[in-house]
Amino acid sequence: MTKDWIPPRVLAIGLLLAFGIFMPLFVVPPLEDVVRQQMTISHAQAALLYSLPVAMLALLAIPAGFLADTIGLKKSVGLGALIVTVGSALRAITSEYSVVLIFTLLYGVGLALCFPNIPKLARNCSSRQRAHFTVSLFIAGVLASGGLILTIARPVMYPLTGTFQGVFLLSTVPIFVAMVLWWPLISDPPCEVVDGGGAGVDMRALKTVLTRKDLWLVSVFFSLHNFVLYTFVGWLPQYLTNIGAGSNSSGLITSLTFWIGIPSVILLSWLSAKLGRRKPLLWGSSILLIVAMYAALLINPTLSWVLVLFAGAANAIRFSTILSLPVEMVDPRQAGMASGMVMSVGYIGALVGPLIGGIILDSTGSYEWIFLSLVIVSALATVLVFLLPETAKATD
């Protein structure tokens, strides 16, 4: 058996990969008004540029997990990183909506091959007791990506390039660097599998995973979570502008959703491991999000800073905790499939939420029902915590 902790080189490149794969997605919300005006499209159509990649994630997450469990993590994740780079970069060649949509779908295919296998990478390269904390480190990379791009896309990158296509292209640089490092520097497999397991599974194993009721409960819970997270982040910059915040400051305020999540995820994941409990994190974050989503209707630009801090911490804690559950519930050899299943169902919420928000906005011109829908979904998620399994075990 290897050491409890993931090897430093795998962790460093994995962090850059996690950072890079989501930056081309989170670059869309702060530029939504620019994209919509230049392409002459509706709010709902603009929302598709943000939600279609997660639609591909929902569609392909199970096959991606199965692929990683059969051919190995290096090949499946490396191929995904290549497709993310190509699809994201090609979005910058045109302002034709249909063409940008096609390349956005291609980017989504790469995202689907990479992201479901990040928890598997954490589980295979660290012990069961350390896997949750390792997943949290990778999630911190995702959060840093979202925080940075929301902070600089509008006030720095857009003036620098002069076009939203230029910003799209710059957002591709981190995943390109991660891909270049991944292929020569990561072994195949990336590390000796901890606690047993390895590549090579069959359809019987897939059937076993797909028929587990506890995994289905986690999957539905993750879908409710993503409905809230992606709708909140996707429409918050435009909402803040609508209530009086500047276009630059609205992106900065929204970025706090991710910045506050980094210390929250790492510290509370460590605490969760020590206590041997996951569900209190899910309880607390779900209840906090009910309050935060309703409070969004009552705030002004000044108070929005406080709201986003609480909402960001709650979303980040819940996000990393959910992603740890499937890899803690199954044998390491089935971790890719289990994560794929949870993400396949879970990212339906990320597709539906922002799209519904765009339709509401096109129909009513008001953000009220967008946030009220998030209150309702947050309440449903809180109830569902009752049924979720407790997977943690206390560590020394």
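1. In this note, a residue is called buried when its relative accessible area is under 20%, exposed when over 50%, and partly exposed in between. With that in hand, we can start with Lys75, which has a relative accessible area of 40% and is therefore partly exposed. Please keep in mind as you read that this is a predicted model.

2. Let's stay with Lys75 and look at its partner. Which residue does the side chain of Lys75 meet in a salt bridge? The partner is Asp188, with an N to O distance of 2.6 Å. The two come from distant parts of the chain: Lys75 sits in helix 4, Asp188 in the loop between helix 9 and helix 10, and their positions lie 113 residues apart in the numbering. Asp188 has a relative accessible area of 42%, so Asp188 too is partly exposed. As background, side chains of opposite charge can pair when their charged atoms come close.

3. How many salt bridges does the structure hold? There are four, and two others deserve a look here. Arg36 and Glu32 pair through their side chains at 3.2 Å, N to O. Both belong to helix 2 (residues 32–39), where they are four residues apart, or about one turn of the helix. Glu32 has 4% relative accessibility and so counts as buried.

4. Helix 2 also takes part in a salt bridge with another helix. Asp33 pairs with Arg154, and their closest N and O atoms are 2.9 Å apart. Because Arg154 lies in helix 7 and Asp33 in helix 2, this pair ties together parts that are 121 residues apart in sequence. Are these two residues buried or exposed? Both Arg154 and Asp33 are buried.

5. Now for the cysteines. A disulfide is a covalent bond between the sulfur atoms of two cysteines. This structure holds one disulfide. Cys125 and Cys191 form it, with their sulfur atoms 1.8 Å apart. Cys125 is in the loop between helix 6 and helix 7, while Cys191 is in the loop between helix 9 and helix 10 (203–210), so the pair links distant parts of the chain, 66 residues apart. The torsion about the S-S bond is about -110°, which means that the disulfide is left-handed. Cys125 and Cys191 are both buried.

6. Why does Cys114 not bond to Cys125? The sulfur of Cys125 is the closest cysteine sulfur to that of Cys114, but at 15 Å it is too far for a bond. Cys114 has 0% relative accessibility, so Cys114 counts as buried.

7. Ser126 is worth a look as well. Ser126 is found in the loop between helix 6 and helix 7 (128–161). With 0% relative accessibility, Ser126 counts as buried. The side chain of Ser126 reaches the backbone oxygen of Ala122 at 2.4 Å. The Ser126 side chain also makes a polar contact with the side chain of Thr134, at 3.2 Å.

8. Helix 9 (residues 173–185) is a good helix to practise on. Its 13 residues reach 18 Å from the first C-alpha to the last, close to the 18 Å expected at 1.5 Å a residue. Which residues of helix 9 are buried? They are Pro174, Ile175, Ala178, Met179 and Trp182. These residues cover an arc of only 135° around the axis, so they are on the same side of helix 9. Their cover includes helix 1 (8–26), helix 4 (73–90), helix 6 (118–124) and helix 8 (164–170).

9. Compare that with helix 10, whose buried residues are Ala205, Leu206 and Val209. Seen down the axis, these fall within an arc of 100°, so they line one face of the helix. On the other side of helix 10, Met203, Arg204 and Lys207 are exposed.

10. Finally, find Ser286 in helix 14 (residues 279–295). Ser286 has 0% relative accessibility and so counts as buried. Which residues is Ser286 in contact with, leaving aside its neighbours within four places in sequence? They are Phe221, Arg318, Ser378, Thr382 and Val385. With Arg318, the contact includes a polar one between the two side chains, at 3.0 Å. Pro53, by contrast, is 233 residues from Ser286 along the chain, and their C-alpha atoms are separated by 25 Å.

Technical notes. Residues numbered from 1 in each chain as written. Predicted model: local features only at pLDDT ≥ 70, side-chain atom pairs only at ≥ 80, totals over all residues. Heavy atoms only, no water. Expected span 1.5 Å × (residues − 1). Buried < 20%, exposed > 50% of the residue type's maximum accessible area, 1.4 Å probe, protein only. Arc of directions from axis to C-beta. Contact = heavy atoms within 4.5 Å. Polar contact = N/O pair within 3.5 Å; in protein donor to acceptor, adjacent residues only side chain to side chain. Disulfide = S-S within 2.5 Å.
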